[in-house]
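Me: Walk me through this model, please. I would like short answers that show the reasoning.

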Amino acid sequence: MDLKTWTKRWIIAAMVCVVIITACGGYLLMGLLRSGNPGATSAINQARLTVSDFMVYLEKNHEQLSGDESVRESLRDLSTQRGVSLLFAGLDGSVIFNSSQSGSPTRINPKTSVHFDLSAARSGPGAYKIAFPVVDPDRQTQVGNAIFELQADEALLTKRVSHAILPGVIMLLAFIVLSGLLFVLHRKINHGMISPVTKLKDYSEAILRGDYGQKVEYNQADEVGEMYAVFDQMRLEIMDLHRRRDEGEQSRKELISNISHDLKTPLATVKAYIEAIRDGVSPDMETVREYADVMHTQSDKMAKLIDDLLLHALRELGQISIQLTEQYSRRMFEEILQPARHLVETRGITYIGPAMIPDVLISADARRMEQVISNLIVNALKATPAGGRISISIELETGQLRVSVTDTGSGIRPQDMPFIFERYYQGKSGQEGGHYSRTEGAGLGLSICKTIVEAHGGMLSFRSNKGQGTEFHFTLPVD
């Protein structure tokens, strides 16, 4: 059960207990206010109701009581039937009638024998002698006192107390339940909130120390459990970011090492040819021209590598400069693809250019587009052995221009495909002695190509099959 539902049910149960306690307390309080003194007045009132028929008979027949035996006999029968002892005395204390025949006094002392309150009327355990004045209904004057001996269970006191027992018991039970609810709430707060938060604090301190291996666990499916799950997801994300940061640092170190090697080789070649020319090793101008061509090629390699590094640095800073200009696609791509045939064929690979370049208006940066196509062709050259084929096609699709570079190389390994556009990543291509060889370069080309294409509003993707080659294609929106 989640914490919200549990709290709602707890509050409802607590409110029910409070309402029950309040209702029972109000009931008892109202009884006290109505009765005034429930120990005395209630008993007197009940006794008055019990002997009301006696009092009515006495008030009507008090004058005949002393001389009419039938009236006295009727009172005795009524006393026997009701089980109530009656003594009627005049105002001077003379006994006019007594239902008890044995030891009947002839006179009483009104000051000591007539009691109108409960405390003084107690005559023994569970018995009360309560006096009520007898009034003549015609003259409205008191003519005597009727003294009744009643058992305690005939007084309202016992009944009032019995009526108060049930509300009191209910109130006590409600109070016990409410106390239990408060105890449960205390345990719920301690075990369901304070303790988990304290543990979460310990996990947070572990993360601050760089310890990401402690798994956050909470077994209940409530709001705290959801918080733990989110916290553990955050821990995994931080751990992954930390791992990727370390991998990035390692990749940067490898990049510097690879760049140093890639720059060192063509630079050493250029330097060697320059020294050869200075030392007069070249016998004629034709050899000097050959040396100059080699140096020019190596210089182009260094310039391209440096340009890639500059683009990479600008991308890191979010400052790659893309100058979009409206121009027609045919002329731009003809100028870009013109040197591609010579570059491919000098490697002993067949070049197949586009049969027809659509002439549509596009917004593009020709220099950046040249970098994209050159990178794709260079990657195709690395993967395609001599005798293979590289094809370039440019087609007009719905609302966009599609440019494809396809080779007949060995293809991209499945395990390399998810990472092909990531920075610093260098896959393996070709097979040498049954083993894949790592591709040359710094692992920046495809990442830079993707950034440039997306800056033009297009998308770069690929498809590859083992042993059947690879096709890279990108789209450009048409104006």
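Reply: Start with a convention for helix pairs: axes are lines fitted to C-alpha atoms over the stretch in contact, and angles run from 0 to 180 degrees between N-to-C directions. Keep in mind that this is a predicted model.

Me: At roughly what angle do the axes of helix α3 and helix α4 cross?

Reply: Helix α3 covers residues 52-61 and helix α4 covers residues 69-82. Their axes come within 11 Å. The crossing angle is roughly 175°.

Me: Is α3 roughly parallel or roughly antiparallel to α4?

Reply: From α3, the contact uses Asp 53, Phe 54, Tyr 57, Leu 58 and Asn 61. From α4, the contributors include Val 71, Leu 75 and Arg 82. Angles over 145 degrees count as roughly antiparallel. So α3 is, relative to α4, roughly antiparallel.

Me: In what order do the five strands of the open sheet lie?

Reply: The pairing in this sheet is mixed. Strands β7 (350-352) and β13 (460-465) are the edges, each pairing on one side only. The twist from one strand to the next averages 15°. The order is β7-β9-β10-β14-β13.

Me: Which residue in β14 stands opposite Arg 463?

Reply: Strand β14 spans residues 469-477. It runs antiparallel to β13, and six bridges join the two. Opposite Arg 463 stands Glu 471.

Me: Helix α10 packs on the sheet; what angle does its direction make with that of β7?

Reply: Helix α10 takes in residues 329-345. It touches β7, β9, β10 and β14. With β7, its direction makes an angle of about 170°.

Me: How far apart are the end C-alpha atoms of α11?

Reply: Helix α11 (residues 366-383) lies across β9, β10 and β14. It has 18 residues, so at 1.5 Å a residue it should span 26 Å. The model agrees: the end C-alpha atoms are separated by 26 Å.

Me: Which residue caps the N-terminal end of α11?

Reply: Look for a side-chain oxygen lying 3.2 Å from the backbone nitrogen of Arg 367. The residue that supplies this oxygen is Asp 365.

Me: Is Ile 238 buried, exposed or partly exposed?

Reply: Ile 238 sits in helix α8 (residues 223-278). It touches Ile 207 and Tyr 212, leaving aside residues up to four places away in sequence. Its relative accessible area is 28%, so Ile 238 is partly exposed.

Me: What distance separates the C-alpha atoms of Ile 238 and Tyr 212?

Reply: Along the chain, Ile 238 and Tyr 212 are 26 residues apart. In space, their C-alpha atoms are separated by 7.9 Å.

Technical notes: Residues numbered from 1 in each chain as written. Predicted model: local features only at pLDDT ≥ 70, side-chain atom pairs only at ≥ 80, totals over all residues. Heavy atoms only, no water. Pairing = 2+ DSSP bridges. Helix = DSSP H or I, 4+ residues; strand = E, 2+ residues; numbered from the N terminus. Contact = heavy atoms within 4.5 Å. Expected span 1.5 Å × (residues − 1). Polar contact = N/O pair within 3.5 Å; in protein donor to acceptor, adjacent residues only side chain to side chain. Parallel < 35°, antiparallel > 145°, perpendicular 65-115°, else oblique. Buried < 20%, exposed > 50% of the residue type's maximum accessible area, 1.4 Å probe, protein only.
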